[in-house]
Amino acid sequence: MLPRILMIEDDERLAGMVVTYLGQNGYAVAHATTAAAGLAELKANPPALVLLDLMLPDADGLEVCRRIRALGAPLASVPIVMLTAKGDPLDRVVGLELGADDYLPKPFEPRELLARLRAVLRRPQLAEAETSVRQFGRLAIDTGARRVSIDGQARSLTSYQFDLLLALAERAGRVLSREHLIDAVKGESLEPFDRSIDVHIGRLRQAIEDDPKQPKRIITVRGAGYVFAKVQDA
């Protein structure tokens with residue numbers, strides 16, 4: 001099966017040229033002209049890589065990048081190469097800090113685009129082999145098998161609880177608000193006054209904490225949210 005690229009780009013002439021060129025070099029390319037259509041296509045048919053324009057008609061490409069990185073695994077880890085006609089170095093810095101894997105200014109040579117795609121696509125294979133199991137003290141999270149264990153003993157989690165734990169663990173040491181957590185797990189906006197995340201955190205603590213009333217792994221930060229302890233069982 002050909003590696004599949006999703007291009008989110010409102011310039012249909014440019015997209016047509018890229019689709020043809022990458023097709024001639026062994027890639028299947030799906031094209032979306034808006035952020036909404038691109039995110040829907042990403043969820044319906046996960047690609048090997050996303051080519052993302054910075055200036056889209058319905059959303060900023062930086063916001064689209066942030067939303068992709070906030071999705072649950074494995075969509076959150078899809079490689080992203082950003083494209084832009086803007087020359088502001090700050091946009092490049094922000095894009096990379098939001099999780100873009102590379103950044104290519106327009107106009108670009110098709111051969112350079114192809115070389116960058118190939119380089120980025122080589123990275124996930126190496127990363128997956130090295131990081132399928134994440135260890136935090138006695139707690140192990142196997143992202144491939146979607147299994148959580150403490151001292152080798154499996155803990156029963158729902159799919160949502162696993163995604164919530166992974167969202168916290170991937171950002172260990174950082175305080176995450178309720179809005180950020182729901183966005184990270186569901187990729188959707190928080191409803192007003194929605195406190196359901198607190199219920200899920202409580203159930204997750206029941207599964208992974210030695211004493212859920214005195215949590216050491218998922219810590220409440222009053223008025224801010226939750227933080228997953230980077231150092232555990234020290």
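How many salt bridges does a search of the whole structure find? In this predicted model, the search returns eleven salt bridges. Several of them are worth a closer look.

Arginine 4 and glutamate 41 make one such salt bridge, with their closest N and O atoms 2.2 Å apart. Because arginine 4 belongs to strand E1 (residues 4–8) and glutamate 41 to helix H2 (residues 35–44), this pair ties together parts that are 37 residues apart in sequence. Both ends are partly exposed: arginine 4 has a relative accessibility of 23%, and glutamate 41 has one of 21%.

A salt bridge also links aspartate 102 to arginine 116, and here the closest N and O atoms are 2.9 Å apart. Aspartate 102 is part of strand E5 (residues 102–105) and arginine 116 is part of helix H5 (residues 110–130), so the pair connects parts lying 14 residues apart in sequence. Aspartate 102 is buried, at 13% relative accessible area, whereas arginine 116 is partly exposed at 23%.

Arginine 138 and aspartate 151 form a further salt bridge, with 3.1 Å between the closest N and O atoms. This pair joins two loops, since arginine 138 sits between E6 and E7 while aspartate 151 sits between E8 and strand E9 (153–155); the parts it ties together are 13 residues apart in sequence. Arginine 138 is partly exposed, with 27% relative accessibility, and aspartate 151 is exposed, with 51%. Elsewhere, salt bridges with shared partners bring Glu9, Asp53 and Lys106 into one network.

Aspartate 53 deserves a paragraph of its own. An unreviewed UniProt entry annotates Asp53 as "modified residue: 4-aspartylphosphate". In the model, aspartate 53 is found in strand E3 (residues 49–53) and is buried, with a relative accessibility of 3%. Leaving aside residues up to four places away in sequence, aspartate 53 touches Ile8, Glu9, Asp10, Gly61, Leu83, Thr84 and Lys106.

Turning to aromatic side chains, the search of the whole structure gives one aromatic pair. The ring centres of phenylalanine 136 and phenylalanine 228 are 4.9 Å apart and the planes stand at 85 degrees, so the arrangement is edge-to-face. Phenylalanine 136 comes from strand E6 (residues 133–136) and phenylalanine 228 from strand E12 (residues 225–228), so the pair ties together parts 92 residues apart in sequence. Both rings belong to buried residues, with relative accessible areas of 11% for phenylalanine 136 and 0% for phenylalanine 228.

Strand E12 also takes part in an open sheet of three strands, which has the order E10-E12-E11 and antiparallel pairing. Strand E10 (175–176) and strand E11 (218–221) are the edge strands, each pairing on one side only. Four bridges make up the antiparallel pairing of E11 with E12, and threonine 220 stands opposite tyrosine 226 in E12. Helix H6 (residues 159–169) packs on this sheet and touches E10, E11 and E12, its direction making about 75 degrees with that of E12. Helix H8 (residues 196–208) packs on the sheet as well, touching E11 and E12, and its direction makes about 145 degrees with that of E11.

Finally, glycine 144 offers a view of a loop, the one between strand E7 (139–142) and strand E8 (147–150). Glycine 144 is exposed, at 65% relative accessibility. Its C-alpha atom is separated by 7.6 Å from that of valine 133, eleven residues apart along the chain.

Definitions and conventions. Residues numbered from 1 in each chain as written. Predicted model: local features only at pLDDT ≥ 70, side-chain atom pairs only at ≥ 80, totals over all residues. Heavy atoms only, no water. Phe/Tyr/Trp six-rings, centres within 6.5 Å; stacked < 30°, edge-to-face > 60°. Buried < 20%, exposed > 50% of the residue type's maximum accessible area, 1.4 Å probe, protein only. UniProt positions renumbered as here; feature names shortened; annotations may be inferred. Contact = heavy atoms within 4.5 Å. Pairing = 2+ DSSP bridges. Axes fitted to C-alpha atoms, helices over the stretch in contact; angles between N-to-C directions. Salt bridge = Lys/Arg side-chain N within 4 Å of Asp/Glu carboxyl O.
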